Amino acid sequence: MASPSQSSKRSLFSLQMRKATKDVHAVSDALVNAKLFLALSNNAVWADGLLVFYEVFRLLENAMTTLKGSSVHQFNIEGLARTEAFELDLAYYLGVDWTKTYEPRESVVKYLMHLRHLEKTEPILLVAYIYHLYMGLLSGGQILRKKRIMASKLNFFTKTNGSNPIKGYSVTDFGRHSLYQLKQKLRATLDELALTLDDETKLKLLEESRRVFLLNNEIIKSVRGTTTVVLLKLLFILVVVVILYFCYLLCKNIA
């Protein structure tokens, strides 16, 4: 028989959201790994990955700031905002004038239209996006950051702007704020909010949580530059194989 503490833990809404999205989350993780793995060694792919999520985070943060008195405003947690960090990174990779030629692609526009619709009709459902997207940055985003920094030191395919290897990672840098504490605060805010919600609203949030990953997948699929990176790496492998083959022939002739 489960203890009261175990039963209480299982009833936490954050765990229910995790369970409800387990399958679509796994698909999303696989897609991110397939697409953004290439970004570990290529700034253009990494920058495009940032670009597709920039508007999404900006809209959510605007909602958290302006919808005062709402449930969404409760998630305006100190240290969590990423809009300025996105802009710093995009300026680093794309140049300070990147906004002059920027236009959101179709998949991003579709995502934003859905978020704006929720903001006008059922803003509480934005909580699903806030929770999953920021948890993603605080968890998987940190893993990608570490791998990319390591790859940039080892892989000569990486092009760097300047000598500082840490520049261009503002989005995943939360400064003096503890990642653990931010995640705990995010979970606690969600679980405390859920205690005030009726079953119908909680069910809607669980359903919307699945849509978060489906929409994420669509914009991740649109990340550009991955084909070029693959071709460059294949070319590199081919060159290495050819060089090794000629070395083998040379050694054979000498012998």
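This passage looks at how four helices pack in a predicted model, and at what UniProt records for the chain.

Take helix packing to begin with. Two packed helices are described by the angle between their axes and the distance between the axes. Helix α4 spans residues 43-66 and helix α6 spans residues 106-121; their axes come within 9 Å and cross at roughly 15°. Since angles under 35 degrees count as roughly parallel, α4 and α6 are therefore roughly parallel to each other. Their crossing is right-handed. On the α4 side, the contact is built from Val-52, Glu-55, Val-56, Leu-59, Leu-60, Ala-63 and Thr-66, while α6 puts in Val-108, Tyr-111, Leu-112, Leu-115, Arg-116 and Glu-119. Sorted by type, the residues of this α4 and α6 contact come out as 9 nonpolar, 1 polar and 3 charged.

Helix α6 also packs on α7, here with the axes 9 Å apart and an angle of about 130°. That makes α6 oblique to α7. From α6, the residues involved are Tyr-111, His-114, Leu-115, Leu-118 and Glu-119, and they meet Leu-126, Tyr-129 and Leu-133 of α7. The split for the α6 and α7 contact is 6 nonpolar, 1 polar and 1 charged. Tyr-111, Leu-115 and Glu-119 of α6 thus turn up in the contact with α7 as well as in the one with α4.

Helix α7 (residues 126-138) has another partner in helix α10 (residues 199-221): the two axes come within 8 Å and cross at roughly 55°. α7 and α10 are therefore oblique to each other, and the crossing is right-handed. What α7 brings to this contact is Val-127, Ala-128, Tyr-129, His-132 and Leu-133; α10 answers with Leu-205, Glu-208, Ser-209, Arg-211, Val-212, Phe-213, Leu-215 and Asn-216. By type, that gives 8 nonpolar, 3 polar and 2 charged residues for α7 with α10. Tyr-129 and Leu-133 of α7 touch α10 and also take part in the contact with α6.

Now for the record. An unreviewed UniProt entry lists a "transmembrane region" at residues 123-144 and at residues 230-251. In the model, residues 123-144 are 82% helix and 0% strand, and the C-alpha atoms at the two ends lie 31 Å apart. The unreviewed entry also carries a "binding site" annotation covering Arg-18, His-25, Tyr-131 and Arg-187. Of these residues, Arg-18, His-25, Tyr-131 and Arg-187 are included in the lining of the largest pocket. Arg-18 itself sits in helix α2, which runs over residues 13-20.

Definitions and conventions: Residues numbered from 1 in each chain as written. Predicted model: local features only at pLDDT ≥ 70, side-chain atom pairs only at ≥ 80, totals over all residues. Heavy atoms only, no water. Axes fitted to C-alpha atoms, helices over the stretch in contact; angles between N-to-C directions. Helix = DSSP H or I, 4+ residues; strand = E, 2+ residues; numbered from the N terminus. Parallel < 35°, antiparallel > 145°, perpendicular 65-115°, else oblique. Left-handed = near helix turned anticlockwise from the far one by under 90°. Contact = heavy atoms within 4.5 Å. Nonpolar A, V, L, I, M, F, W, Y, C, P; charged D, E, K, R; others polar. UniProt positions renumbered as here; feature names shortened; annotations may be inferred. 1 Å grid on protein atoms, 1.4 Å probe; cavity = no way out; pocket = protein on both sides within 12 Å on 5 of 7 lines; lining within 4 Å.
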